[in-house]
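Let's take a walk through this structure together, going from its enclosed spaces to its open ones. Have the viewer ready, and look for the gaps as well as the atoms.

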Amino acid sequence: MNDLLATAVAAHGGLDRWNQIKTINVKAAISGAFWQLKGKADAMSDVRLEVDTTQQQLTMDYVSQDRRSVFQPDRVVLQQPDGTVVDARDNPERSFAGHEFHTPWDDLHLAYFTGEALWTYLNTPFLFTWPGFVCEEIAPIEADGETWRRLKVIFPDHIKSHTRTQVFCFGPDGLLRRHDFTIDIVDPTTESQLYAADYRDVDGIIIPATRRAHAPMGDDQIVFVAIEMADIAVH
């Protein structure tokens, strides 16, 4: 690990503690204008997540809809609560070919995107210690009255995420402040900035309970994505 990654890992609870856990369980409300554009405005207003910390897998229960999605890099599945498969898609990333920013999504598109996104978010920064990740500290920036150190991370091909090269900004305390990226399957030309806040100590792992991205609308800013987490537990 380079110095910045080591600092970030320590600030978020340390690798020794992280290696003792296998899953993160979260109750969440996910909203914002982005989901409206995709025809999924209220789809994730009440969800429960189980995030695997040892492999790329995320299970999401849509509580009010009595259904579940299971994300893996090469397959997404929709199930009933008892495990009965309702629908499935192999090689799900290919299903986004030809999509534009306003292209609506079906339920399997949503399951794939939210799976890769939330899995990345909740495994940050420990994920970057895995073999195949390439990390480099780049020039810091001044933001919100602080100096933020920035880590450029190149993801290996077998890990599905927004895009291969992403930038993570850490505050003086070593905690993540902002995550900068483009999204290949949505619009690879537009950069997103997702802010992390409201940190919780969850049995020794330090996790932000709130993430938000904003987008301009005239002279104002709208909430583009909002992730509010509660009942966070590690196992």
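Which residues line the largest cavity? Keep in mind as you look that this is a predicted model. The lining is made up of H12, W18, Y121, L122, T124, P125, F126, I205, I206, I207, P208 and R211. Two elements, α4 and β12, each supply at least two residues of this lining, and β12 gives the largest share, with five residues. The space enclosed here is about 60 Å³. By class, the walls of the largest cavity hold nine nonpolar, two polar and one charged residues.

How many cavities of 30 Å³ or more are there? The count comes to two. The second largest cavity holds about 30 Å³ of space, and its lining consists of H12, T124, P125, L176, Y199, P208 and R211. If you still have the largest cavity on screen, you will recognise some names: H12, T124, P125, P208 and R211 appear in the lining of the largest cavity and again in that of the second largest. The second lining divides into four nonpolar, two polar and one charged residues.

A general point helps here: rolling a probe the size of a water molecule over the atoms shows where empty space is left.

Let's turn to the open spaces. The largest pocket has a volume of about 440 Å³. Its lining counts 26 residues, and I183, S192, A213, F224 and V225 are the ones nearest its centre. Where do the walls come from? At least two lining residues each are supplied by α3 (33-37), α4 (107-123), β10 (176-183), β11 (187-202), β12 (205-217) and β13 (220-234). Among the contributors, β11 has the largest share, at seven residues. As for chemistry, the lining of the largest pocket has 19 nonpolar, five polar and two charged residues.

The second largest pocket contains about 190 Å³ of space. Of the 15 residues that line this pocket, E93, I159, S161, R164 and D184 lie nearest its centre. Here the lining splits into six nonpolar, three polar and six charged residues.

Helix α4 deserves a closer look, since the helix supplies residues to the lining of the largest pocket and to that of the largest cavity. Is α4 mostly covered or mostly uncovered? The helix is mostly covered, with 16 of its 17 residues buried. Its length can be checked too: at 1.5 Å a residue, the 17 residues should span 24 Å, and the end C-alpha atoms are 24 Å apart, so the two values agree. Where the helix starts, D106 has a side-chain oxygen within 3.0 Å of the backbone nitrogen of L108.

Our last stop is D180, a residue of strand β10. Is D180 buried or exposed? D180 counts as buried because its relative accessibility is 7%, below the 20% cut-off for that class. Its side chain makes a polar contact of 2.7 Å with the side chain of R178. Leaving out residues up to four places away in sequence, D180 touches Q166, V167, C169, E191, S192 and Q193. One of these, S192, will be familiar as a residue that lies among those nearest the centre of the largest pocket, which brings us back to the open space we visited earlier.

Key: Residues numbered from 1 in each chain as written. Predicted model: local features only at pLDDT ≥ 70, side-chain atom pairs only at ≥ 80, totals over all residues. Heavy atoms only, no water. 1 Å grid on protein atoms, 1.4 Å probe; cavity = no way out; pocket = protein on both sides within 12 Å on 5 of 7 lines; lining within 4 Å. Points joined across faces, edges and corners; volume = space filled by probe spheres on them. Helix = DSSP H or I, 4+ residues; strand = E, 2+ residues; numbered from the N terminus. Nonpolar A, V, L, I, M, F, W, Y, C, P; charged D, E, K, R; others polar. Buried < 20%, exposed > 50% of the residue type's maximum accessible area, 1.4 Å probe, protein only. Polar contact = N/O pair within 3.5 Å; in protein donor to acceptor, adjacent residues only side chain to side chain. Contact = heavy atoms within 4.5 Å. Expected span 1.5 Å × (residues − 1).
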